[in-house]
Amino acid sequence: MELVINNLCKTYPNGVKALDNVSMVIPHGMFGLLGPNGAGKSTLMRTIATLQEADSGTVMLGELDVLKEKQKVRQILGYLPQEFGVYPRVTAYEMLDHIAVLKGIVNTKERKELVLALLNRVNLFQHRKKSISGFSGGMKQRFGIAQSLIGNPQLIIVDEPTAGLDPGERNRFYNLLAEIGENVIVILSTHIVQDVRELCPTMAIIDKGKLLFAGQPDSALETLKGKIWEKTISKEEMEKYQKNFQLISGKLVSGKPLIHVYSEVDPGDGFKKAEADLEDVFFKTINS
Ligand code: ADP
C-alpha cells in the first residue's frame, strides 16, 4: 500500500502558507520527512492523521480517501505526536490498558495479552508498574510507540520523535522504529538529518510549505558528488568565506569551524574535496 498526496494546500487564518501545493508518494517502509522548524511538517502530519483540515488537495491510502473517511483512517492509524502533553500519574500498564479500551479492545484477556506484549516489545515490561510521569525522555517516547501500535496500524506517523533524547535512548528508539517500519508505512518527521540518514530508504525535504526534494537519499547525494569542498578556517574568517563562497554548512571540530562549500569546480584557496553527506543535501536544498 502507498500513501499518495496530491496538491495539498493549507493557509492559516494569519496568512501563513504552511502547505503550498505539496504532492508526493510515500511507499511502504520508513519515510523521512525532513525540514527546518516552521517548514510545514506538523501541518502535513496532522492533516494526514485527520486532526486538521486542508484547504484543497487529496490524500489517498490505497483506495481510502484519507481527508474524507476520517473514521476509517483512525482505525488503521498510529500517531505519535510531537508533544504528548502532561503525563498522568498512572502506571504504564494502566495507561496502555485504558487506551486499548478507547481503541475498542473490550475483551479483558485479549487486552491484557496485548498490553503486556507491547510493553515487552518497547522494552518497558520491567517498568510497567511505574508512573509514566517519572519516565525519562526515551522511555516516554517508547511508551508513545507502544500506544501508537495498539490496533495493528497500517500507517504510523511519528512527529519529531528524537528531540531531547540522549544518544543511547535515540539508538534504542531508532532500532524500535526500524523493526516496526518493515511491515507498514512509517512517516518520520524531523529536522534532525541523522534521523533520516540512519533509518529511511526514501525521504522528502520540505521548507516554507513547499516540497523541495523527494526520493532516495543516495540519489540526492549523487547530485552533489564532486561539488562539496571543505576547509578548516578560523572563527574570524567566517564572514569572509560566507561572502566569497556558497557556504552550505559549518561545524566546529576541536573548536575550529570546518566549513563545507558548494562549487562545481575546484574553488582553490586550500579547499579539499569532501564526501557529500545528507546534511549537505539538506542545507543546499533549503538554501538554494
Ligand atoms: P514544522 O512542523 O515544520 O515546524 P508547522 O507545520 O508547525 O511546521 O508550521 C508551519 C508554519 O505554519 C509555521 O510558519 C507556523 O508558524 C505556522 N503555523 C502552524 N500552526 C499554525 C496555526 N495554528 N495558526 C497559524 N500559523 C500556524
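Let's settle one word before clicking anything: a residue is buried if its relative accessible area is under 20%, exposed if over 50%, and partly exposed in between, using a 1.4 Å probe and protein chains only. You are looking at a predicted model, in which local features need pLDDT of at least 70 and side-chain atom pairs count only at pLDDT 80 or more, while totals for chains, interfaces and linings use all residues. Residues are numbered from 1 along each chain as its sequence is written, and side-chain values use heavy atoms, with hydrogens and water left out.

**Stop 1: strand β9**

Select residues 202-207, which make up strand β9. Helices (H or I, at least four residues) and strands (E, at least two) are DSSP runs, numbered from the N terminus. Six of the six residues here are buried, so β9 is largely enclosed by the rest of the structure. Now show the side chains: Thr202, Ala204 and Ile206 point one way, while Met203, Ile205 and Asp207 point the other way.

**Stop 2: the strands beside it**

Add residues 29-34, strand β3, which pairs with β9 in the parallel sense over four bridges. To count as a pair, two strands need at least two bridges found by DSSP. Look for Leu33, which stands opposite Ala204 of β9.

Next, add residues 210-215, strand β10, which runs antiparallel to β9 and is joined to it by five bridges. Met203 has Gly215 in β10 as its bridge partner. β9 and β10 form a hairpin with two residues between them, and Lys208 in that turn has a positive phi of about 45 degrees.

**Stop 3: Asp207**

Back in β9, click on Asp207. Is Asp207 buried or exposed? It counts as buried because its relative accessibility is 11%. Leaving aside residues up to four places away in sequence, Asp207 touches Pro36, Ala39, Leu212 and Ile286; contact here means heavy atoms within 4.5 Å.

**Stop 4: the ligand**

Pro36 and Ala39 also turn up around the ligand, so to speak, as does Lys41. Select the residues around the ligand, including Tyr12, Asn14, Gly38, Gly40, Ser42 and Thr43; each has a heavy atom within 4 Å of it. Helix α1 (residues 41-48) gives the most to this shell, with three residues.

Which backbone atoms should you zoom in on? A polar backbone atom of Gly38 is 2.7 Å from a ligand oxygen, one of Gly40 is 3.0 Å from a ligand oxygen, and a backbone N or O atom of Ser42 lies 2.8 Å from a ligand oxygen. A polar contact is a pair of N or O atoms within 3.5 Å. Taken alone the ligand exposes 570 Å², and the protein buries 62% of that, with areas from the Shrake-Rupley method and a 1.4 Å probe.

Conventions: A polar contact is a pair of N or O atoms within 3.5 Å; within protein, one must be able to donate a hydrogen and the other to accept it, and residues adjacent in sequence count only if both atoms are side-chain atoms.
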